[in-house]
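Biologist: I am new to this structure and would like to go through it slowly, one question at a time. Could you show it to me before we begin?

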Amino acid sequence: MEKVKEFLQIEQDDSEIVSRLAVHPHRVGIETSFYEDFALRGIQVDRVEPGLVSCTFKVPPRLTDMSGKLATGAIANLVDEVGGAVVYVEGLPMNVSVDMSISFISTAKVHDELEITSRVLGRKGGYSGTIVLVKNKVTGELIAEGRHSLFGKHDSKM
């Protein structure tokens, strides 16, 4: 335990550098957040229908692991975002993810173009279930399949 404490100890120089960083609050609707710029930049929505969202995404170097393949965390983020988009209703609060299960079947490399499709599996009360398929657009190879459950407590419009 002492080794862990020692490893996590912040040096004085590092502490001073961090204390000088200026972190400005994100202005919603005016500028992109770090998250939007880092993780979501490049997603292109191709088709939106009731119960279906289809997007394309070219794998950027910033979202790859040490071996140059799309990181599993980036795939999980795509499942979360596109799975949530298919149940999003304009003017209502966002649904929150309750559960995700992802099967990582293959890999994608930098600059591979991916096709991400999400469909609603069903709704009951405030719960929605979606399935998200991540495929290589050129080869058709399935990269990942995600099941995504979301919850949103929305007041009745009646």
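Biologist: Does Thr117 count as buried or exposed?
Modeller: Please keep in mind throughout that this is a predicted model. Thr117 has its place in strand E4, which covers residues 113-124. Its relative accessibility is 17%, and because the limit for burial is under 20% relative accessible area, Thr117 counts as buried.

Biologist: Which residues is Thr117 in contact with, leaving aside its neighbours within four places in sequence?
Modeller: The strand that holds Thr117 is E4, and the contacts set aside here are those with neighbours within four places in sequence. With these left out, the residues in contact with Thr117 are Leu52, Val53, Ser54, Ile131, Val132 and Leu133.

Biologist: Which annotation covers residues 72-121?
Modeller: Over residues 72-121 the chain is 28% helix and 36% strand, and the C-alpha atoms at the two ends are 23 Å apart. The name for this stretch comes from an unreviewed UniProt entry, where the annotation reads "domain: Thioesterase".

Biologist: Is Leu78 buried or exposed?
Modeller: Leu78 lies in helix H4, made up of residues 72-85. Not counting residues up to four places away in sequence, Leu78 touches Ile43, Phe57, Leu70, Gly83 and Ile116. With a relative accessibility of 2%, Leu78 counts as buried.

Biologist: How many Å separate the C-alpha atoms of Leu78 and Phe57?
Modeller: Phe57 is one of the residues that Leu78 touches. Along the chain Leu78 and Phe57 are 21 residues apart, while the separation of their C-alpha atoms is 9.4 Å.

Biologist: The structure holds 1 aromatic pair; why is the pair of Tyr127 and Phe151 called tilted?
Modeller: The ring centres of Tyr127 and Phe151 lie 4.7 Å apart, and their planes meet at 50°. Planes under 30 degrees apart would count as stacked and those over 60 as edge-to-face, so at 50° the pair is tilted.

Biologist: Which strands does that pair link?
Modeller: Tyr127 is partly exposed at a relative accessible area of 46%, and Phe151 is also partly exposed, at 28% relative accessibility. The two residues are 24 residues apart and belong to distant parts of the chain, with Tyr127 in strand E5 (residues 127-136) and Phe151 in strand E6 (residues 142-151).

Biologist: What accessible area do Met1, Val4, Phe7 and Leu8 have together?
Modeller: Val4 is found in helix H1, residues 2-8, and is partly exposed, with a relative accessible area of 45%. Together with Met1, Phe7 and Leu8, Val4 forms a nonpolar patch on the surface, whose accessible area is about 530 Å².

Key
Residues numbered from 1 in each chain as written. Predicted model: local features only at pLDDT ≥ 70, side-chain atom pairs only at ≥ 80, totals over all residues. Heavy atoms only, no water. Helix = DSSP H or I, 4+ residues; strand = E, 2+ residues; numbered from the N terminus. Buried < 20%, exposed > 50% of the residue type's maximum accessible area, 1.4 Å probe, protein only. Contact = heavy atoms within 4.5 Å. UniProt positions renumbered as here; feature names shortened; annotations may be inferred. Phe/Tyr/Trp six-rings, centres within 6.5 Å; stacked < 30°, edge-to-face > 60°. Patch = residues over 30% accessible without salt bridge, like charges linked within 9 Å, V, L, I, M, F, W, Y side chains within 5 Å. Areas by Shrake-Rupley, 256 points an atom, 1.4 Å probe, with all protein chains shown as cover. Salt bridge = Lys/Arg side-chain N within 4 Å of Asp/Glu carboxyl O.
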